[in-house]
Amino acid sequence: MTLHTILRMGDPRLLRVAKPVVKADTPELHALIADLFETMQAAGGVGLAAPQIGVDLAVVIFGFSQSARYPEAPAVPQTVLINPEISVLDDAEEEGWEGCLSVPGLRGWVPRFRRIRYRGMDAYGNPIDREAEGFHARVVQHECDHLIGKLYPMRIRDFSRFGFTDELFPGQDIADD
């Protein structure tokens with residue numbers, strides 16, 4: 001396993017559209033997934049997309065039982081999601097604070113669809129088909145945005161609710177993104 005540098009906002013590689021994975025269950029894919037998990041855990045993240053470490057493949061990982069970065073968030077199942085597709089289950093949106101390992105030290109108030117269905121495959125090529133709501137849905141949408149070259153600031157509607165974590169939440173011990 002290799003600990004990778006996470007690309008930061010401004011790096012043009014984060015704006016590219018990821019290519020689909022053609023073949024699952026390969027040694028190269030398993031190595032990439034192990035590297036993603038090691039890098040995410042070392043950074044204290046709740047998800048990571050392959051483009052964030054400079055790999056242009058449609059692979060995201062996410063999940064946690066508890067998060068210092070989002071202490072109030074309910075657990076999200078640890079997931080490897082390859083070639084994801086998201087369907088919106090209803091038009092209801094929910095706004096919430098988001099941070100990103102590629103946008104360190106900042107948070108923004110971001111609208112996301114409250115209920116989604118996501119499909120794709122796992123590392124072995126087995127199909128994944130799940131419904132998610134709330135924070136789980138937010139994490140999936142956030143990570144999948146990386147596969148289409150979007151970072152969460154591109155989704156913010158009110159920039160008065162975007163700023164440095166220590167300024168937005170003074171005196172609170174919130175992990176730096």
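## Exercises on a predicted model

About 160 Å³ of space lies in the largest cavity. The model is predicted, so local features need pLDDT of at least 70 and side-chain atom pairs count only at pLDDT 80 or more, while totals for chains, interfaces and linings use all residues. Residues are numbered from 1 along each chain as its sequence is written, and side-chain values use heavy atoms, with hydrogens and water left out.

### Exercise 1: the cavity

Find which residues are the closest to the centre of the largest cavity, and which element gives the largest share of its lining.

Step 1. Rolling a probe the size of a water molecule over the atoms shows where empty space is left. Here a cavity is a set of points, on a 1 Å grid over the protein atoms alone, where a 1.4 Å probe fits but cannot get out; lining residues have an atom within 4 Å of a point. Grid points are joined across faces, edges and corners, and the volume is the space filled by probe spheres set on the points.

Step 2. The structure holds one cavity of 30 Å³ or more. Of the 17 residues lining the largest cavity, Val46, Tyr70, Gly99, His142 and Glu143 are the closest to its centre.

Step 3. Now turn to the elements: helices (H or I, at least four residues) and strands (E, at least two) are DSSP runs, numbered from the N terminus. E4 and H2 each supply at least two lining residues. The largest share, five residues, comes from H2.

### Exercise 2: the sheet

Work out the strand order of the open sheet, and say which strands stand at its edges.

Step 1. Strands of a sheet pair through backbone hydrogen bonds, either parallel or antiparallel. Two strands count as paired if DSSP finds at least two bridges between them.

Step 2. Three strands form the open sheet, in the order E4-E5-E8, with antiparallel pairing. Strand E4 (93-100) and strand E8 (162-164) stand at the edges, each with a single partner strand, so one side of each is left without a neighbour in the sheet. From one strand to the next, the twist averages 20°.

Step 3. Look at E4 and strand E5 (residues 103-113): seven bridges join them, and they run antiparallel. A hairpin of two residues links E4 to E5. Two bridge partners in E5 can be checked by eye: Pro111 for Glu95, and Val110 for Gly96.

Step 4. Add the helix: H2 (residues 134-145) packs on the sheet, touching E4 and E5, and its direction makes about 55° with that of E4. Such axes are lines fitted to C-alpha atoms, for helices over the stretch in contact, and angles run from 0 to 180 degrees between N-to-C directions.

### Exercise 3: helix H1

Check the span of helix H1 and list its buried residues.

Step 1. The expected span is 1.5 Å times one less than the number of residues. For the 17 residues of H1 (residues 27-43) this gives 24 Å, and the end C-alpha atoms are 24 Å apart, which agrees.

Step 2. Buried means under 20% relative accessible area, exposed over 50%, and partly exposed in between (1.4 Å probe, protein chains only). The buried residues in H1 are Leu29, Leu32, Ile33, Asp35, Leu36, Phe37, Thr39 and Met40.

Step 3. Their cover includes strand E1 (47-49), strand E2 (59-64) and strand E3 (76-88). Take Thr39 as a case: at 2% relative accessibility it counts as buried. Beyond residues up to four places away in sequence, Thr39 touches (heavy atoms within 4.5 Å) Thr2, Leu3, His4, Ile6, Leu48 and Ile53.

Step 4. After H1 comes Gly44, with a positive phi near 75°.

### Exercise 4: positive phi outside glycine

For Asp25 and Asn83, where does each lie, and is it buried or exposed?

Step 1. Most residues other than glycine have a negative phi.

Step 2. Asp25, in the segment before H1, has a phi near 55°. Its relative accessible area is 42%, so Asp25 is partly exposed.

Step 3. Asn83 is found in strand E3, with a positive phi of about 50°. A relative accessible area of 22% makes Asn83 partly exposed.

### Exercise 5: far in sequence

Which residues does Ile174 touch, not counting residues up to four places away in sequence?

Step 1. Locate Ile174 in the segment after helix H3 (165-168).

Step 2. Its contacts are Arg69, Arg107, Thr165 and Phe169. Ile174 and Arg69 are 105 residues apart in sequence, yet 6.0 Å apart in space, C-alpha to C-alpha.

Conventions: On a 1 Å grid over the protein atoms alone, a cavity is a set of points where a 1.4 Å probe fits but cannot get out, and a pocket is an open set with protein on both sides within 12 Å along at least five of seven lines; lining residues have an atom within 4 Å of a point.
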